[in-house]
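These notebook entries record what I looked up in the structure, topic by topic.

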Amino acid sequence: MIVLILARATNGVIGRDGGLPWHLPADLKRFKALTMGRPMIMGRKTFDSFPAPLPGRRHIVLTRDRDWQAAGAEIVHDRDAALALAGEGEVFVIGGAEIFDMFRDRADRLELTEVEAAPEGDTIVAPFHGWREVARKHHPAQDGRPAYSFVTLLRQRF
(Lines give C-alpha, C1' and ligand atoms only; values in the text may rest on other atoms or scores of the structure.)
Protein backbone atom coordinates (compact mmCIF):
# COMPACT_ATOMS: atom_id res chain seq x y z
CA MET A 1 0.00 0.00 0.00
CA ILE A 2 1.38 3.39 -1.02
CA VAL A 3 0.53 6.21 1.39
CA LEU A 4 1.17 9.88 0.70
CA ILE A 5 1.70 11.83 3.92
CA LEU A 6 1.93 15.61 3.99
CA ALA A 7 0.82 18.86 5.56
CA ARG A 8 -0.66 21.31 3.05
CA ALA A 9 -1.88 24.88 3.57
CA THR A 10 -5.11 26.13 2.01
CA ASN A 11 -3.08 27.83 -0.74
CA GLY A 12 -1.24 24.58 -1.58
CA VAL A 13 2.03 25.49 0.14
CA ILE A 14 3.91 22.59 1.72
CA GLY A 15 7.34 24.16 2.17
CA ARG A 16 9.51 27.24 2.33
CA ASP A 17 13.30 27.44 2.14
CA GLY A 18 13.71 23.69 2.67
CA GLY A 19 11.46 23.52 5.73
CA LEU A 20 7.88 23.81 6.87
CA PRO A 21 6.31 27.29 7.02
CA TRP A 22 4.59 26.40 10.32
CA HIS A 23 5.37 24.54 13.52
CA LEU A 24 2.66 22.08 14.55
CA PRO A 25 4.03 19.68 17.19
CA ALA A 26 0.94 17.44 16.94
CA ASP A 27 1.52 17.04 13.19
CA LEU A 28 5.14 16.01 13.77
CA LYS A 29 4.01 13.52 16.42
CA ARG A 30 1.40 12.06 14.04
CA PHE A 31 3.99 11.82 11.25
CA LYS A 32 6.31 9.90 13.56
CA ALA A 33 3.56 7.54 14.77
CA LEU A 34 2.37 6.73 11.25
CA THR A 35 5.80 6.26 9.66
CA MET A 36 7.66 4.49 12.49
CA GLY A 37 9.01 1.13 11.33
CA ARG A 38 7.96 1.77 7.73
CA PRO A 39 10.00 2.58 4.64
CA MET A 40 9.74 6.20 3.52
CA ILE A 41 10.29 7.35 -0.06
CA MET A 42 11.47 10.93 -0.49
CA GLY A 43 13.39 13.23 -2.76
CA ARG A 44 16.94 14.34 -2.05
CA LYS A 45 15.90 17.81 -0.91
CA THR A 46 13.49 16.33 1.63
CA PHE A 47 16.23 14.02 2.93
CA ASP A 48 18.63 16.97 3.12
CA SER A 49 16.09 18.95 5.17
CA PHE A 50 16.48 16.54 8.10
CA PRO A 51 19.28 17.23 10.58
CA ALA A 52 19.93 13.46 10.54
CA PRO A 53 18.07 10.37 9.31
CA LEU A 54 14.89 9.83 11.31
CA PRO A 55 15.26 6.90 13.70
CA GLY A 56 13.30 3.70 13.20
CA ARG A 57 12.54 4.21 9.50
CA ARG A 58 14.16 3.42 6.17
CA HIS A 59 15.02 6.42 4.00
CA ILE A 60 14.63 5.57 0.31
CA VAL A 61 15.85 8.63 -1.57
CA LEU A 62 14.93 9.29 -5.20
CA THR A 63 17.50 11.45 -6.97
CA ARG A 64 18.59 12.15 -10.53
CA ASP A 65 22.16 12.72 -9.30
CA ARG A 66 23.95 9.41 -9.80
CA ASP A 67 26.91 10.62 -7.70
CA TRP A 68 24.92 11.71 -4.64
CA GLN A 69 25.41 9.72 -1.44
CA ALA A 70 24.48 10.22 2.20
CA ALA A 71 24.69 8.14 5.34
CA GLY A 72 21.34 6.52 6.09
CA ALA A 73 20.00 6.95 2.54
CA GLU A 74 19.08 4.05 0.27
CA ILE A 75 19.48 5.66 -3.15
CA VAL A 76 17.33 4.98 -6.21
CA HIS A 77 16.79 6.82 -9.46
CA ASP A 78 13.20 6.01 -10.49
CA ARG A 79 9.78 5.27 -9.03
CA ASP A 80 9.77 1.54 -9.80
CA ALA A 81 13.17 1.06 -8.17
CA ALA A 82 11.92 2.91 -5.06
CA LEU A 83 8.86 0.67 -4.79
CA ALA A 84 10.90 -2.49 -5.38
CA LEU A 85 13.36 -1.49 -2.66
CA ALA A 86 10.51 -0.70 -0.24
CA GLY A 87 9.13 -4.23 -0.68
CA GLU A 88 5.74 -5.50 0.40
CA GLY A 89 3.51 -3.73 2.89
CA GLU A 90 2.89 -0.09 3.65
CA VAL A 91 5.30 2.49 2.25
CA PHE A 92 5.06 6.22 2.96
CA VAL A 93 5.83 8.85 0.36
CA ILE A 94 6.90 11.93 2.32
CA GLY A 95 7.84 14.53 -0.32
CA GLY A 96 8.68 16.87 -1.86
CA ALA A 97 6.23 18.14 -4.43
CA GLU A 98 7.82 16.36 -7.42
CA ILE A 99 7.85 13.07 -5.53
CA PHE A 100 4.19 13.45 -4.52
CA ASP A 101 3.32 14.09 -8.17
CA MET A 102 5.34 11.05 -9.22
CA PHE A 103 3.37 8.74 -6.89
CA ARG A 104 -0.03 10.49 -6.97
CA ASP A 105 -1.53 8.10 -9.54
CA ARG A 106 -0.28 4.99 -7.68
CA ALA A 107 -1.15 5.95 -4.10
CA ASP A 108 -3.87 4.12 -2.19
CA ARG A 109 -4.19 6.38 0.85
CA LEU A 110 -3.51 9.99 1.73
CA GLU A 111 -2.71 11.12 5.28
CA LEU A 112 -3.18 14.86 5.03
CA THR A 113 -2.82 17.63 7.56
CA GLU A 114 -4.92 20.51 6.23
CA VAL A 115 -3.36 23.67 7.64
CA GLU A 116 -5.82 26.57 7.78
CA ALA A 117 -3.36 29.22 6.68
CA ALA A 118 -1.99 30.71 3.47
CA PRO A 119 1.73 31.19 4.16
CA GLU A 120 4.27 32.23 1.60
CA GLY A 121 6.23 29.29 0.31
CA ASP A 122 8.29 27.96 -2.55
CA THR A 123 6.93 24.41 -2.68
CA ILE A 124 3.33 23.87 -3.79
CA VAL A 125 1.22 20.71 -4.14
CA ALA A 126 -1.97 20.75 -6.18
CA PRO A 127 -5.27 19.71 -4.55
CA PHE A 128 -6.14 16.03 -4.44
CA HIS A 129 -9.19 14.99 -6.48
CA GLY A 130 -10.71 11.52 -6.75
CA TRP A 131 -10.27 10.68 -3.08
CA ARG A 132 -12.89 9.71 -0.47
CA GLU A 133 -12.56 11.13 3.02
CA VAL A 134 -12.82 8.42 5.70
CA ALA A 135 -11.62 10.27 8.81
CA ARG A 136 -11.17 13.86 10.01
CA LYS A 137 -10.11 15.36 13.33
CA HIS A 138 -10.13 19.13 13.64
CA HIS A 139 -7.77 21.09 15.91
CA PRO A 140 -8.50 24.79 16.58
CA ALA A 141 -5.90 27.54 16.37
CA GLN A 142 -3.88 27.74 19.56
CA ASP A 143 -0.82 29.58 20.91
CA GLY A 144 -0.29 31.50 17.67
CA ARG A 145 -0.46 28.32 15.58
CA PRO A 146 -3.07 27.97 12.81
CA ALA A 147 -6.05 25.63 13.02
CA TYR A 148 -5.56 22.32 11.22
CA SER A 149 -7.28 19.02 10.55
CA PHE A 150 -5.89 15.51 10.30
CA VAL A 151 -7.64 13.92 7.32
CA THR A 152 -7.42 10.37 5.97
CA LEU A 153 -8.50 9.84 2.38
CA LEU A 154 -8.70 6.70 0.26
CA ARG A 155 -8.36 6.55 -3.49
CA GLN A 156 -11.76 6.56 -5.16
CA ARG A 157 -11.90 3.41 -7.29
CA PHE A 158 -14.34 3.38 -10.23
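For the contact lists below, I take contact to mean heavy atoms within 4.5 Å. The model is a predicted one.

**Entry 1. Ala7**

I looked up Ala7 and found it in strand β1. Its relative accessibility is 8%, so Ala7 counts as buried, the limit being 20%. Setting aside neighbours within four places in sequence, I listed its contacts as Val13, Ile14, Trp22, Asp27, Thr113 and Val115. I also checked a pair remote in sequence: Ala7 and Phe150 are 143 residues apart along the chain, and their C-alpha atoms are 8.9 Å apart in space.

**Entry 2. Nonpolar cores**

I noted first that, in soluble globular proteins, nonpolar side chains tend to be buried together. The largest nonpolar core here has 25 residues. Leu4, Leu6, Ile41, Val93, Phe103 and Leu110 have the most contacts inside this core. I then asked which elements give two or more residues to the core, and recorded β1 (2–9), β4, α3, β6, α4, β7 and β10 (148–155). Helix α4 gives the most, with four residues.

For Leu6 I looked up the neighbours beyond four places in sequence. Leu6 is in contact with Ile14, Phe100, Leu110, Glu111, Leu112, Thr113, Val125 and Phe128. Another core lies apart from the largest one; this other core has 13 residues, among them Val3, Phe31, Phe47 and Phe50.

**Entry 3. His59**

Is His59 buried or exposed? I found a relative accessible area of 2%, so His59 is buried. His59 lies in strand β4. Its side chain reaches the backbone nitrogen of Leu54 at 2.9 Å. Not counting residues up to four places away in sequence, His59 touches Met40, Met42, Phe47, Phe50, Pro53, Leu54, Gly72, Ala73 and Glu74. Among these neighbours, Phe47 and Phe50 are both touched by His59 and both belong to the core of 13 residues.

**Entry 4. Aromatic pairs**

I described each ring pair by the distance of the centres and the angle of the planes. A search of the whole structure finds three aromatic pairs. Phe47 and Trp68 form an edge-to-face pair, with 5.7 Å from centre to centre and 85° between the planes. This pair links distant parts of the chain: Phe47 is in helix α2 (residues 44–49), and Trp68 is in the loop between β4 and β5, 21 residues apart. Both Phe47 and Trp68 are buried.

I then looked up Phe128 and Trp131. Their ring centres are 6.3 Å apart and their planes stand at 85°, so the pair is edge-to-face. Phe128 and Trp131 are both buried. I also found a charge over one of these rings: Arg104 lies over the face of Phe128, at 4.1 Å from the ring centre.

**Entry 5. Salt bridges**

How many salt bridges does a search of the whole structure find? The search gives twelve. I looked up three of them in detail.

In one, the side chains of Arg64 and Glu98 meet at 2.6 Å, N to O. The pair links distant parts of the chain, since Arg64 is in the loop between β4 (58–62) and β5 (73–76) and Glu98 is in helix α4 (residues 97–103), 34 residues apart. Arg64 and Glu98 are both exposed.

In another, the side chains of Glu90 and Arg109 meet at 2.8 Å, N to O. Glu90 lies in the loop between α3 (79–86) and β6 (91–95), and Arg109 in strand β7 (residues 109–115), so the bridge ties together parts that are 19 residues apart in sequence. Glu90 is partly exposed, with a relative accessible area of 21%, whereas Arg109 counts as buried at 13%.

I also looked up Arg104 again, whose side chain meets that of Asp101 in a salt bridge (3.6 Å, N to O). Arg104 counts as buried because its relative accessibility is 19%, and Asp101 counts as partly exposed at 47%. Finally, I traced bridges that share partners: they join Arg30, Arg38, Glu90, Arg109 and Glu111 into one network. Glu111 of this network had already appeared in the contact list of Leu6.

Definitions and conventions
Residues numbered from 1 in each chain as written. Predicted model: local features only at pLDDT ≥ 70, side-chain atom pairs only at ≥ 80, totals over all residues. Heavy atoms only, no water. Salt bridge = Lys/Arg side-chain N within 4 Å of Asp/Glu carboxyl O. Buried < 20%, exposed > 50% of the residue type's maximum accessible area, 1.4 Å probe, protein only. Polar contact = N/O pair within 3.5 Å; in protein donor to acceptor, adjacent residues only side chain to side chain. Core = buried A, V, L, I, M, F, W, Y, C linked by side-chain atoms within 4.5 Å. Phe/Tyr/Trp six-rings, centres within 6.5 Å; stacked < 30°, edge-to-face > 60°. Lys NZ or Arg CZ within 6 Å of the ring centre and 35° of its normal.
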